[in-house]
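Me: I would like to learn how to read helix packing and empty space in a model. Could we go through some cases one at a time?

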Amino acid sequence: MTLKRQLQVSVRDLVEYTLRSGDLVLDFSFASGAQVQARAVNGIRAHQKIQAARPKEYQPEVIVSHQVETHDFTVTISGRIDGVYRYTDPDRAVIDEIKTTTRDPDSFEEEHPIHWGQAKVYAYLYALREKLKTIDVQLTYFQIGVDLEAEADVDIDVNKGKTREFSKSFTFEELKVLFNDLLARYLGWLVTLETWRRQRDDSIRRLEFPYSAYRPGQQQMMTNISQTIAKGEQLMVEAPTGIGKTVAAIFPVIKAMGNRLMKKFFYLTAKTTGRTVAQNTLEDLRERGLQLKSLTLTAKEKICFSPGSSCNGEECEFARGYFDRINEAVETVFQGDTHGLTREVIEESARQFTVCPFEFSLELSLWADAIICDYNYAFDPRVYLRRFFGEENGGGDFVFLVDEANNLVDRSREMFSAELYKQPLLELRHMVKKDSPEIYRSLGAVNSQLVKLRQECEEAGRPLAQESYPVELIPPLRRFIRAAERWLAKKIKTHYRLDLVALYFEVSWFLKVADIYYDAYATCLEIINDDFRVKLFCMDPSHQLADAFLRCTSVIFFSATLSPMDYFRHILGCDSSARELILPSPFPQENLCLPVADRVSTLYKYRERTKTTVARIINELVNRQPGNYLIFFPSYQYMKMVLNLFILMNPHVEYIVQTPGMSEAERDEFLENFAVDNRAKGKTLVGFAVMGGIFGEAIDLKGDRLTGAAVVGVGLPGISLERELIKEYFSQLQGTGFEYAYLYPGMNRVFQAAGRVIRTAEDRGVVLLIGHRFTTHQYSSLLPSHWCPVRIRDEQHLKEVLDQFWNL
């Protein structure tokens, strides 16, 4: 006898899926993580105080559940009732469903479909259990004033808040009809999902590795990942560029999914190129029989069809009637998908059903097997996916695959930091003067505090750092939040509304960071051009990352550069029990020529003196063999110094240059130049780029697309207030200040840049390191073990080494 599949369904999910209707309304109150958390805390406290104020006949937090047998499943519907009044009459009971809100309770309709639907289902489950023929339902709305939204540590007085109660009586048979109708509608979707999961699992069991042979290291990596997932642990993998890390990471995770060891996996990456590689890998697996629903999340600002409009039915046609169409859209697209829900598929389908593409993608994420997205959606407190990782969920049976995990260090610092600029605040203050004197005054008080802080910088003549956050700035910021919420709640259309919403979010986050501020933070005060910035800077993100990893059961970190492992283990907040795997390069050492020009200094103070020598060395590199070259510099300024001299030396050589803030289209155009096999044509193309930028990693230039690369300097980040704070913090903590702030991040940039050259076993190429520090012990001890550097005496020696290599 085949055991039926056990399915758990919450009352809330059942009701919201079947009864939602109307417009999508995402006003200012929806997007702030700090506000969401404060609202949740205050909501819980309000519930508790209301419950405590009820009479003795009141039973709070009553759990109910009911099993329904179908042909395919045993479905358990369960939930927790806020409270039940039980009287001496055994046949009488009142279900109390409490809703906290910032809205005026009088604004709610007597028949709010979802609120009443939830209360009625609870009433049915309770009446079924207690064998009641009739039951009363009370819907209680309690208004939490917007004054309480800014912070969670407040006392809530239920006697002062506005309350409204709606009461109705129902027969058991009435509720039974409703329940059976909702369940029948929801079961249709559950059958679709479960049928799909069985097809998926069958395809996974049959799935074989998609390529004819394993590359060296792939099997070892896959075995370690499988073991890590089975034990619910963490794994750090350093694997050389070109061994096929992506498929070696995804394949064992999919196999584990087929064994129901997880519900979903998240492929987390920092760049569009990483997402594209993951999509292509999954498509290769589909071509070999895999059935898997993957979804690629695209940032809202990139995918929005109505930029500049508010997210409501009045201003956006894709929000108008959104919930009337979303179920049909989801079910149609889900059942029709065979090649992954990419940005293009999402946009096309969203237009077909006239639904917001971003919210549509979030809805689809609930049912997808794999989600490919930016780090932000798992780690950033402001935007992480609360439908999976929120306070009420905590986490789940998920696996995180963290691609190019070395990038997570600086990205997480920014996620956990907060900053405010003075000039945008002043500009907004002038805009709101006539419409909102309250906001005008609150911003004036904020500005006064910023003026005092700026004066401290001006008197010092340099950026300043403080151990504590600016305490006197906090009260006026809180007053601004309260004033802004009151005004925004009125939904008045003005030309500056979006600017006000943006500042509201910035200030909300700033206050949230101030609330959690501890010794891993420092405050930076800095004059930038004509503006002034105050930043609560997270020097050590490890504690908050460690908390974020609790949202999943296993984390797999992988990159070509995770050395030293101890550094990344610490700074990424890994478990002390995290496993480590360092794979050697599978490629022949003789395929990589690694000259080191260590008789020239690239130190900042000597760059003007040595720039001509650097240009001549690069000139020698690109003129020994035709083809495509990338030259990496630690900064745009240094690159420009050398580029001007290089052009004078090579007026006929074609060159392209990375510029700050390149768009995706400009980046693609830059890389498209390397699609041409110039070596075969006897031509040379030289690309000038910056280490650690968009061309320093996650680009795949196989074969003759890249002949060689030069790395000028050891890639150390520029000296700045923030870097110096990191240095001081880790010096005091464990004596590794310079290493954590400069050395390790810099050398990782070098390794990423050098990794562009050898991508397959057939590739041959040159990586030229320029700078005297490469051969000092502090730096040379960090070089990969498979590198065989050759120290170069002068340009003539470089010419001889290159000629010998290319003539082999």
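**Helix packing and empty space**

Reply: We can start with handedness: H21 and H22 cross in a right-handed sense. Keep in mind that this is a predicted model.

Me: At what angle do helix H21 and helix H22 pack?

Reply: The angle is about 55 degrees, and the axes of H21 (residues 607–624) and H22 (residues 636–649) are 9 Å apart. H21 is therefore oblique to H22, because an angle counts as roughly perpendicular from 65 to 115 degrees and as roughly parallel under 35.

Me: Which residues in H21 and H22 meet?

Reply: From H22 come Tyr-638, Met-641, Val-642, Leu-645, Phe-646 and Met-649. Their partners in H21 include Val-614, Ala-615, Ile-618 and Val-622, along with Arg-607 and Glu-608. Sorted by class, this contact has 10 nonpolar, three polar and four charged residues.

Me: How are H14 and H25 oriented to each other?

Reply: The axes of H14 (residues 408–415) and H25 (residues 721–734) cross at roughly 100 degrees and come within 14 Å. That value falls in the 65 to 115 range, so H14 and H25 are roughly perpendicular to each other.

Me: What residues meet there, and of which class?

Reply: H14 brings Asp-410, Arg-413 and Glu-414, which meet Glu-722, Arg-723, Ile-726 and Phe-730 in H25. Five residues of this contact are charged, two are nonpolar and none is polar.

Me: Now the empty space. How is it found?

Reply: A probe the size of a water molecule is rolled over the atoms, and this shows where empty space is left. Here, the second largest pocket holds about 720 Å³ of space.

Me: Which elements and residues line the second largest pocket?

Reply: H14 and H25 appear again: together with helix H20 (565–571) and helix H26 (737–754), they are the elements that give two or more residues to the lining. The lining has 25 residues, and those nearest the pocket centre are Asn-407, Asp-410, Gly-692, Arg-723 and Arg-749. Asp-410 and Arg-723 are also among the residues in the contact of H14 with H25. By class, the lining has nine nonpolar, seven polar and nine charged residues.

Me: How many cavities of 30 Å³ or more does the structure hold?

Reply: It holds one. About 90 Å³ of space lies in the largest cavity. Among the residues lining this cavity are Leu-24, Phe-305, Phe-318 and Pro-357, as well as Cys-304, Cys-311, Cys-316 and Cys-356. The cavity lining has nine nonpolar and three polar residues, with no charged ones.

Technical notes
Residues are numbered from 1 along each chain as its sequence is written. This is a predicted model: local features need pLDDT of at least 70, side-chain atom pairs count only at pLDDT 80 or more; totals for chains, interfaces and linings use all residues. Side-chain values use heavy atoms; hydrogens and water are left out. Axes are lines fitted to C-alpha atoms, for helices over the stretch in contact, and angles run from 0 to 180 degrees between N-to-C directions. Helices (H or I, at least four residues) and strands (E, at least two) are DSSP runs, numbered from the N terminus. Angles under 35 degrees count as roughly parallel, over 145 as roughly antiparallel, 65 to 115 as roughly perpendicular and the rest as oblique. Contact means heavy atoms within 4.5 Å. Ala, Val, Leu, Ile, Met, Phe, Trp, Tyr, Cys and Pro count as nonpolar, Asp, Glu, Lys and Arg as charged, and the others, Gly among them, as polar. A crossing is left-handed if the near helix is turned anticlockwise from the far one by less than a right angle, and right-handed if clockwise. On a 1 Å grid over the protein atoms alone, a cavity is a set of points where a 1.4 Å probe fits but cannot get out, and a pocket is an open set with protein on both sides within 12 Å along at least five of seven lines; lining residues have an atom within 4 Å of a point. Grid points are joined across faces, edges and corners, and a volume is the space filled by probe spheres set on the points.
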